[in-house]
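Trainee: Got a minute? I'd like to go through this one with you.
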Amino acid sequence: MSENGLADAVTRALARVVNPVTGKDVVAGGQVAGVAVDDLGGATFVFSLRRGDPGALVRRARAAAEAVEGVSGVKVDVQLPQSAGGEEQGSARPRKPGLQPGSVPAPTPRPGILAGVKRIVAVSSGKGGVGKSMVATNLAAYAASRGLDAGLLDADIYGPNIPVMFGEERRPAVAGAKGSEMIVPLESHGVRLMSLGFLLEREQPAIMRGPLIAGILKQFMEQVDWGSLDLMIVDMPPGTGDAQLSLVQTVDLDGALMVTTPQKVATGDVRRGVKMFERVNTRVVGIVENMCGFRIPGTGEVVDLFGRGGGEELAGELSVPFLGRIPLDLAVRLAGDEGRPTVLSAPRSAAGMALTEVGERLLAALEDLPRRR
């Protein structure tokens, strides 16, 4: 089939995708523009995502295009709703491809990357200091304790804390023939680990711009011999920046888990983080509320230093599963300093039991999801 013929076939396939909000198919509704197919079968088109549209709509459109015989891959340029005074909602004019104001490219994962990994979950937060790396560490350790082959990729380039939390100071080895060398991940407490912290000196800062971050993440995914894993946890940096976009553009995530503390300054940032993942068609598998209360030794009295219930309230507001709350607990600090995850070092502590429950709920939620392609 010619390139024009393939483009027409892709357009017809997209016309079978109906927007449940408008009741129209996305082509007739003016949400698709610029459909093109190159000589290698790579299809591209612009998709205008409107306010109120379900986040899965772009994913359905991409899947419809991928199903067309002769199409080898699909790249979607998602145009987000314009602010007041901007372009009218019904407009779907083609724009230059790439990242622009008001545009977030939808995930276009490349086949073969992390092919041996069954599940990939990003652990993220809207702001720093909420315990994101602690949660990621304990989820990976809990999965390994359940007999799963687990890995933890430390994508927090500016603050790589995973080496400390696992008590690892070794440097990873390199194996393989010259020209095809692979980094061998370290293994600690049954978890395969990779972090920039293993490659830097203790006091060496990571001073780099966004493109370098994307390059490091790419190397950690493509040039590390992860082998076969049941679950990979990715510890993301806080915020909604280069690392998050690079990850969802490279691999097909099973979901993102958001960590917050109860107070509004944290939940507000997490709200933006959830919306960001929705915009790039990544499922949010749950919210975890950390530092929700401190039990005063000897009295039994619980003091909510940072408030209580903010994460659960946010989960209800956004229709996202609430996976549990983790109290302030001395056991967590000791575990982090000693390099032994809380679920292993203090499983009967208040935080250890709470983290175990979160791990159980996450694994149960993943069981109900379709398998990665």
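Mentor: Sure. This is a predicted model. The protein chain has eleven helices and 15 strands.

Trainee: What share of the residues count as buried?
Mentor: 51% of the 373 residues in the protein chain.

Trainee: And the surface, how much area does the chain expose?
Mentor: About 17300 Å². Carbon and sulfur atoms supply 52% of that.

Trainee: What about contacts, what percentage comes from residues 24 or more positions apart?
Mentor: 73%, counting contacts in the protein chain with a separation of 6 or more.

Trainee: Let's switch to α9. Which of its residues are buried?
Mentor: The helix covers residues 330–338. Ala-331, Val-332, Ala-335 and Gly-336 are buried there.

Trainee: Why do they line one face of the helix?
Mentor: Look down the axis of α9. The buried residues fall within an arc of 130°, so they line one face.

Trainee: What covers them?
Mentor: Several helices contribute. The cover includes α3 (132–145) and α4 (162–165). It also includes α10 (342–345) and α11 (350–367).

Trainee: And on the other side of α9, which residues are exposed?
Mentor: Leu-330, Asp-337 and Glu-338.

Trainee: Now the ends. Which side-chain oxygen reaches the backbone nitrogen of Ala-331?
Mentor: One from Asp-329, at the start of α9. It comes to within 3.0 Å of that nitrogen. Ala-331 is also one of the buried residues.

Trainee: What follows α9?
Mentor: Gly-339. Its phi is positive, near 75°.

Notes
Residues are numbered from 1 along each chain as its sequence is written. This is a predicted model: local features need pLDDT of at least 70, side-chain atom pairs count only at pLDDT 80 or more; totals for chains, interfaces and linings use all residues. Side-chain values use heavy atoms; hydrogens and water are left out. Buried means under 20% relative accessible area, exposed over 50%, partly exposed in between (1.4 Å probe, protein chains only). Helices (H or I, at least four residues) and strands (E, at least two) are DSSP runs, numbered from the N terminus. The arc is that of the directions from the helix axis to the C-beta atoms. Contact means heavy atoms within 4.5 Å. A polar contact is a pair of N or O atoms within 3.5 Å; within protein, one must be able to donate a hydrogen and the other to accept it, and residues adjacent in sequence count only if both atoms are side-chain atoms. Accessible areas come from the Shrake-Rupley method with a 1.4 Å probe; for residues, only the protein chains shown count as cover.
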